[in-house]
Amino acid sequence: MASRLVLVASLLLCFLAGTCYGKGGHFSSLKKTLVVTASPKKGQVLKAGVDKITVTWGVNKTLPGGTDSAYKTVKVKLCYAPISQKDRAWRKTEDELSRDKTCQHKIVAKPYDASNKTVNRFEWVIERDVPTATYFVRAYAFDSDEAEVAYGQTTDAKKTTNLFEIQAISGRHASLDICSICFSVFSVASLFVFFYIEKRKGKVSK
Amino acid sequence: MKTEAIVREKASMEVEQPPAAGGGGGFNNGNQSSEEQKFSVPVDSENKATEFRLFSISKPHMRAFHLSWISFFSCFVSSFAAPPLLPIIRDNLNLTATDIGNAGVASVSGAVFARVAMGTACDLVGPRLASASLIFLTAPAVYFTSVINSATSYLLVRFFTGFSLATFVSTQFWMSSMFSPPVVGRANGFAGGWGNLGGGATQLIMPLVFSLIRDIGAAQFTAWRIAFFVPAFFQMLTAFSILIFGQDMPDGNFQRLKKSGEKPKDEFSKVLFHGVSNYRGWILALTYGYCFGVELTIDNIIAEYFYDRFNLKLHTAGIIAASFGLANLFSRPGGGMLSDAVSRRFGMRGRLWALWLCQTFAGVLCIILGLVGSLSVSVVVMIIFSVFVQAACGMTFGIVPFVSRRSLGVISGMTGGGGNVGAVVTQLIFFKGSRFSKERGITLMGVMIIICTLPICLIYFPQWGGMFFGPSSKKVTEEDYYLGEWNSKEQEKGSHHASMKFADNSVSERGRRLNTSTRPADESTPSPTHV
């Protein structure tokens, strides 16, 4: 019995220890070398499914020449501002990138060509599954091993400036409303019909 | 001996009354010379089935079983239809963790009082009408889930939908009315367990229905709304079935039995009094809060827990969460059957010990569940935990039918309500807002299970004993215990005869002991049908 307990305890310890060591990069080790802009102005409210966001990204021109030689792909993402992360553990910011949930909506992923000096641009219609929240835009640069090596974002380090809002679709339709009401009325009415039938049966058998 | 003879005479007299008094049963139509109503399963003196044939739909016993578990299943599906879709709903309605926690509490708190009320309603109008009414009245809440657009409206629909969980009480009451003491544990266990299955099935059904609708072309935020029509409609269908095909008691429906005088009308205040004044009902309410209440809590949080902690897809998290509730297929009935088996050898004392051991071990497993960090170990621990916690639920209702005969409904309602109180309290303390991480909350919940299971040691039946003490040295009999609920005036009127019959049938709870000195000298067999 005691040996079994020891076995269980050691198994538990191994698994717990395993979770401490994260695989993959950390955000704090990334270099901020990309310059990213997004079309929404500070405080602007956009509608999901209707409005567009134009994002641009490129390496910071003031940095030395070979900085971006290792970049193979760039992924641009829509990220939650701290106010939309409050009391919502499923959007939490973690330093370990594989566990980080700050940026959950992909805007675009494009291959990166270091020799092309022009700024990359993309126009995105906000998808209908984007929830109502406050956002900023961040771009990650990946190397050939598909590991993050650099990033850039439209806001400052504390994520307080240049934030914009998106208004989600409600998902409701008039037809759904009508169906709900009809079926509910039917349900309650059925109950009364049955009561009436039972009462009549009771009277007849008397 | 004399009272026995009178009881048997009365029983045969009642049985010979015109068959029109009964709504079902396979007895000869119009043939009044038959001595007994013919049922397709063997029955005892109260016409309750002494065998439980799972795959039969014979009237009225097994039919009642299937109607009650399917309707209860549908209520569970509806009440827990939102949790597996929460990752979508929380984005659509912009919910915070606090909103979600509050709604989770609301979903199980409505049924606290609804269950007690349902218990009394069953005692007064019968399980058939009581349960169908509740189901029809809560279906609108499920339909209206499709049109909500805020945290408040989300909370309200979950609150009102949760009322339907009170059908649990009518299920247990119906089974206790249709099945005899030696099999009542398993009947209650299967009905309760297969109903609770809905909490697991919904974690599979809802994500599936949602993806189907979304793949047809609806936006995510519309697809989940349409998906809710499925549980709502199913729930309504079951209410229709109960009213059309069901029957309250082996001899017929309450209304007709009351009018023909076979079932004397009881006083609401007396029924309530004898229920709430029985301390065993309160203890079982507390302990049920920490097996069933825990089960409800897990139904509410587990899909999100796996989705968030292990970064799974919605579908995968749903499947894992479902396996918790799906274990109910065999674990709760298993608990009921184990309770019956233990009772054959050790009587009521065996039932109490089995419950305490099973539930305490479930608490230990819950502590471990919150501590493991690997996905596969987590799933394994969760499944073992689910088996034990659900078996404990089944065992609880192997004991409930014996606490009171007159106020069976109230005791069932109190215990059932207690289950929901446990869910409310647990979610309020450990799973509201962001105070504890979910894994920490689960571990602490395990500790609370162990503590709140200890009061089982205090349950004592003078005629059978308790965990640590044998039956009373004053040689109290089953009749003394159950007739103690009726005063002398009521006994003169003859209102207590059903309790007498039950007392006779419950002698099986003494277990098979070599020491027969506690049995009255004139009774050598437990079966009262021998003359």
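# Two chains of a predicted model: questions and replies

The end C-alpha atoms of residues 174-197 of chain A lie 35 Å apart, and this span is 100% helix and 0% strand. The model discussed here is predicted.

Me: Which feature does UniProt place at residues 174-197 of chain A?
Reply: The span in question is 100% helix, with its end C-alpha atoms 35 Å apart. The name attached to these residues comes from an unreviewed UniProt entry, and that name is "transmembrane region".

Me: Which two cysteines does the disulfide join?
Reply: A search of the whole structure, taken over all chains, finds one disulfide. Its sulfur atoms are 2.0 Å apart, and the residues it joins are A:C79 and A:C103.

Me: How many residues apart are A:C79 and A:C103, the pair that forms the disulfide?
Reply: A disulfide joins A:C79 to A:C103. The pair links distant parts of the chain, since A:C79 belongs to strand β5 (residues 73-80) of chain A and A:C103 to strand β6 (residues 103-111) of chain A, and the two are 24 residues apart.

Me: Is the disulfide of A:C79 and A:C103 right-handed or left-handed?
Reply: Both partners are buried, A:C79 with a relative accessible area of 0% and A:C103 at 11% relative accessibility. The handedness follows from the torsion about the S-S bond, which is about 100°, so the disulfide is right-handed.

Me: Why is there no bond between the sulfurs of B:C291 and B:C393?
Reply: B:C291 is buried, with a relative accessible area of 0%, and B:C393 is likewise buried, with a relative accessible area of 0%. For B:C291 the closest cysteine sulfur is that of B:C393, and a disulfide needs the two sulfur atoms within 2.5 Å. The sulfurs are too far apart for a bond because the distance is 3.6 Å.

Me: About how much area do chain A and chain B bury between them?
Reply: The interface brings 42 residues of chain A into contact with 49 residues of chain B. A:D87, A:W90 and A:F194 supply 17% of the area that chain A buries against chain B, more than any other three residues. Of the area buried between the two chains, 64% is on carbon and sulfur atoms, and the total is about 3,800 Å².

Me: Which residue of chain A meets B:R128 in a salt bridge?
Reply: Across the interface there are 14 residue pairs in polar contact, and the count of salt bridges between chain A and chain B is two. In one of them the N to O distance is 2.7 Å, and the side chain that meets B:R128 is that of A:E198.

Me: Which element gives the largest share of the side of chain A that touches chain B?
Reply: The elements giving two or more residues to this side are α1 (2-20) and α3 (174-205) of chain A. The largest share amounts to 18 residues, and the element that provides it is α3(A).

Me: Is B:K48 buried or exposed?
Reply: B:K48 lies in the loop between α1 (2-15) and α2 (61-79) of chain B. Beyond its neighbours within four places in sequence, its contacts include B:H61, B:M178, B:F179, B:R405 and B:F502. Its relative accessibility is 3%, and because the cut-off is under 20%, B:K48 counts as buried.

Me: What percentage of the residues of chain B count as buried?
Reply: Chain B holds 22 helices and two strands. Among its contacts with a separation of 6 or more, 78% are between residues 24 or more positions apart. Of the 531 residues of chain B, the share that counts as buried is 63%.

How values were computed: Residues numbered from 1 in each chain as written. Chains lettered and ligands numbered in written order. Predicted model: local features only at pLDDT ≥ 70, side-chain atom pairs only at ≥ 80, totals over all residues. Heavy atoms only, no water. UniProt positions renumbered as here; feature names shortened; annotations may be inferred. Helix = DSSP H or I, 4+ residues; strand = E, 2+ residues; numbered from the N terminus. Buried < 20%, exposed > 50% of the residue type's maximum accessible area, 1.4 Å probe, protein only. Contact = heavy atoms within 4.5 Å. Buried area = accessible area lost by both parts, 1.4 Å probe. Salt bridge = Lys/Arg side-chain N within 4 Å of Asp/Glu carboxyl O. Polar contact = N/O pair within 3.5 Å; in protein donor to acceptor, adjacent residues only side chain to side chain.
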